[in-house]
Every structure is written in structure tokens, then in C-alpha cells.
Amino acid sequence: MATRSLREADVRGRRVLVRVDFNVPMVAGRIVDDTRIRAALPTIEHLVDHGARVILVSHLGRPKGYVADDLRLAPIAAQLAHLLGRVVQQASDVVGPRAHAAAGALRNGDVLLLENVRFEPGEEQNDPELSRRLADLADCYVNDAFGAAHRAHSSTVGVAELLPAYPGFLMDAEVQALQRLLQSPAKPFVAILGGAKVSDKIGVIEHLIAKVDAILVGGGMANTFLFAQGIDVAASLAERDRSAGAQALLHQAEAKGVTIALPIDVVIATDLDGEPSTVAAGDLPQGHAIFDIGPKTVENFGKIIAAARTVFWNGPMGVFERPPFAAGTTAIAMAVASSGAFSVVGGGDSVAAVEQVGCVDQISHISTGGGASLEFVEGRTLPGLAALAASAAKQR
Ligand code: ADP
Ligand code: MG
């Protein structure tokens, strides 16, 4: 899917509507992690430096078409102004009279942030009327919200059909990194998959089996595979009704010559506050649950990762939020970081785990889009990207 580069666009004096993903974690009205705001800075700074009149639009949380005062974007405007070192104007509506007045009064290089686009009931329906009103604010459109590219909403798809549309620099970087995984991975290509559930990620595993040399499975997801192999997983989180699906994936992998490595030892406890101990994966006592991969598994996975030239990681190896069950995830993060492989980490909790370990700088690409990166790796067409490609085709 070909798009055009924002660098080719003449933006001076033009009003540019930029869809950004400022959906940052907030606690009691304060931003706890501004990664997503910082990730959008290159695009915003490029536009400012080239004399555009920048109109930013984002969602925050799930207000479901109603105005929710705790989901207003004022704290985000303040943090953005701090990071940019310039004034960020704010509109108290999305496409209403205040947004129109503010957009119309912008001078070259000014930055305006509209109110939370999900306050508009039409946003999640990709309502044509809302798309038209968004398009009326601007002369062209940039989508830098990779994290929302798997949604067909007014601000990601509808408006892209009405204005000349370009991907932002973050969008480009995300697509390039993920495309490199799927189209031309240096071999061996190793996928590390974990997290809570298999059912969230069956499509990802199926698609990856055709691309990778090995899949290392940890986290709650591994329990379902262990169970499918006839191992008693006792009180562990496992999707027992997915046993047949897990078995089918093991067979598919075998037929393709792809290694699926499962935990050989595990860290268990009666509950998350219980005393942890390590046992062989087949020796789980009743009333105990698996909360992390064990040291022998870490060693085994580590060897495979060390030999890899491409790594994709999604999903923690255990309940890493709890220190007694974080060792597996920490060790795998360090193994990926020191592998020298082209490495991509995606998924909200996986990225948090890598940040917790402090090895972000040694990962080739950290995806800002959880659901979007998974859908991309599943081989699905993301509506936001398709809309950009369609716009590019129209301009040619
Ligand atoms: P991501 O956000 O990176 O895609 P997921 O949301 O799929 O990852 O999974 C992360 C969650 O899985 C974490 O909250 C973690 O505690 C949980 N988890 C991992 N291993 C286990 C396990 N063995 N039992 C229960 N929960 C687990
Ligand atoms: Mg998650």
C-alpha cells in the first residue's frame, strides 16, 4: 500500500488537521506516561517549522459520544506545550463554533488542539457528517495515530477520504518496522508470545507460523498449550475450551518445520500473594497456579533469542506486575535487548515491561500501537492505512 511522504507536501500557510494518538494513561487528572505525546513531536515540529497551521485531534479514553469532564484534553495540551516549548491553543469543542473560530484564526506555525474527538457521537460510527465537519476545519490531513489505525472512525478514515491525506512520521516508522518483520525478516526470525490469553492472539500465531523459524510461548497463553498437551495446569489461568485450537496450531507448526517452544519449568504459587516456588511444567501440585516461566525455560528461550536476527515480542512471560513473578519477563527483555537482532516489541503491557527493565534503547522498534500492531502482524488491512493509500492513489 503506497502512501505519500509528508516531506513532499507543501504545507506553508495551510491548515493541516493532524490525527494524533494522545490516549495517554492518566491517574487523577495527571499524565503518568507521556510516551505517546513525545512520539508525535517529529511530525508536529516538522509542520510548525514549515509554516503550517497545525490543528491536532485525538481521542482519550472511552467517553462513548458524551462529554466527560475528566477526559478533557487540557492536561495534554499543557504537556505538549511544555515539550514543544511553544503555546498550544485549545478549543473546548471538536467541530463546533469554537473549534471553527480558533482554526480560522491560526497563523503560520500556530498549534491548536481540539477537544476529545470521542465526545462526538459520530466519531466511532465514522459518521459522514462529522467527517465533513472535521474536513471543513482544514486544507489537508495527516494521520500520525498508528495506535488508532485499526479503527474505521471519522477522524481516522472518514476525513481522510475528504482531504489530501498523508501519513505522519510516527505512522511511517511504525509501518516500516512492522513491514520489515513480515516482508523481509533476516533469519532466524523468532516470535516471543505471551500475555494473558491465547484467544486474543490466535490470528497472530497463525499468520506468524508462515513467517518465523520459532515461536517461544510464555505467560498465561502457554498454559493453554501445556493443557492441550495433556499437562495438568491445576489452578492456572488457561482457556481449556481452546485446547483443540492450540493443538491445531502445534500441528500446523510441526508441518511447517517451525519450533514452538513451551515452558519446561514454571514459577508457581497458590495465589499472587502466595510463596513462589519453581517446578517442572509437568509437576504442578493441585491448588497452585503458574505465574511465570522458570529459569530453565529462560535459558532455553535465551539461547534461541541469542541466535535470532529478527525478533517480534508481544505479551509478558508472567505476571510481571508482581516482583516475585517478574524474573522471566525481565530475563527475556534483556535477552532481546542484547541479541543484536532487529527487534520489535508491541502491546501495551509488553512495552511497559521493557520500560520497567530499562532496555528501551536496545530495542529496534517499540510500537506505540497495541491492538493496531497485533492486527498488522495478523496480516490484516488497517482501515486508517488503507484510507491513506486511497488518498495517495487519488492524487496521482
Ligand atoms: P500486551 O498488552 O503486551 O498485548 P496482554 O494484555 O495480552 O499483553 O497480557 C498481559 C497480561 O498478562 C499482564 O497483565 C500479565 O499479568 C498477564 N499474565 C501473564 N502471564 C500470566 C499468567 N501466567 N497468569 C495470569 N496472567 C498472566
Ligand atoms: Mg494488555
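Asparagine 126 is partly exposed, with 22% relative accessible area; on this scale buried means under 20%, exposed over 50%, and partly exposed in between (1.4 Å probe, protein chains only). Its phi is near 55°, a positive value in a residue other than glycine. You'll find asparagine 126 in the loop between strand 6 (111-113) and helix 5 (128-136). Helices (H or I, at least four residues) and strands (E, at least two) are DSSP runs, numbered from the N terminus.

Before going on, know that this is a predicted model, where local features need pLDDT of at least 70, side-chain atom pairs count only at pLDDT 80 or more, and totals for chains, interfaces and linings use all residues. Residues are numbered from 1 along each chain as its sequence is written, chains are lettered from A and ligands numbered from 1 in the order in which they are written, and side-chain values use heavy atoms, leaving out hydrogens and water.

Lysine 64 isn't a glycine either, yet its phi is positive, about 55°. This lysine 64 sits in the loop between strand 4 (53-57) and helix 3 (74-84), and at 52% relative accessibility it counts as exposed. Glycine 51, just after helix 2, takes a positive phi of about 75°. Another backbone oddity is the cis peptide bond between lysine 187 and proline 188, with omega about 0°.

Now for the ligand. Which residues are closest to ligand 1? Among the 18 that surround it, they are Lys201, Ile290, Glu321, Asp349 and Ser350; to count as near, a residue needs a heavy atom within 4 Å. The table lists some polar contacts, meaning pairs of N or O atoms within 3.5 Å (within protein, one must be able to donate a hydrogen and the other to accept it, and residues adjacent in sequence count only if both atoms are side-chain atoms).

| Ligand 1 atom | Partner | Distance |
|---|---|---|
| nitrogen | glycine 220, polar backbone atom | 3.2 Å |
| oxygen | aspartate 349, polar backbone atom | 2.9 Å |
| oxygen | serine 350, side-chain N or O atom | 2.4 Å |

The protein covers 83% of the 580 Å² of accessible area that ligand 1 has on its own, using the Shrake-Rupley method with a 1.4 Å probe (for residues, only the protein chains shown count as cover). Helix 9 (219-228), strand 14 (289-293) and helix 13 (348-357) are the elements that give two or more residues to the shell around ligand 1. The largest share, three residues, comes from helix 13.
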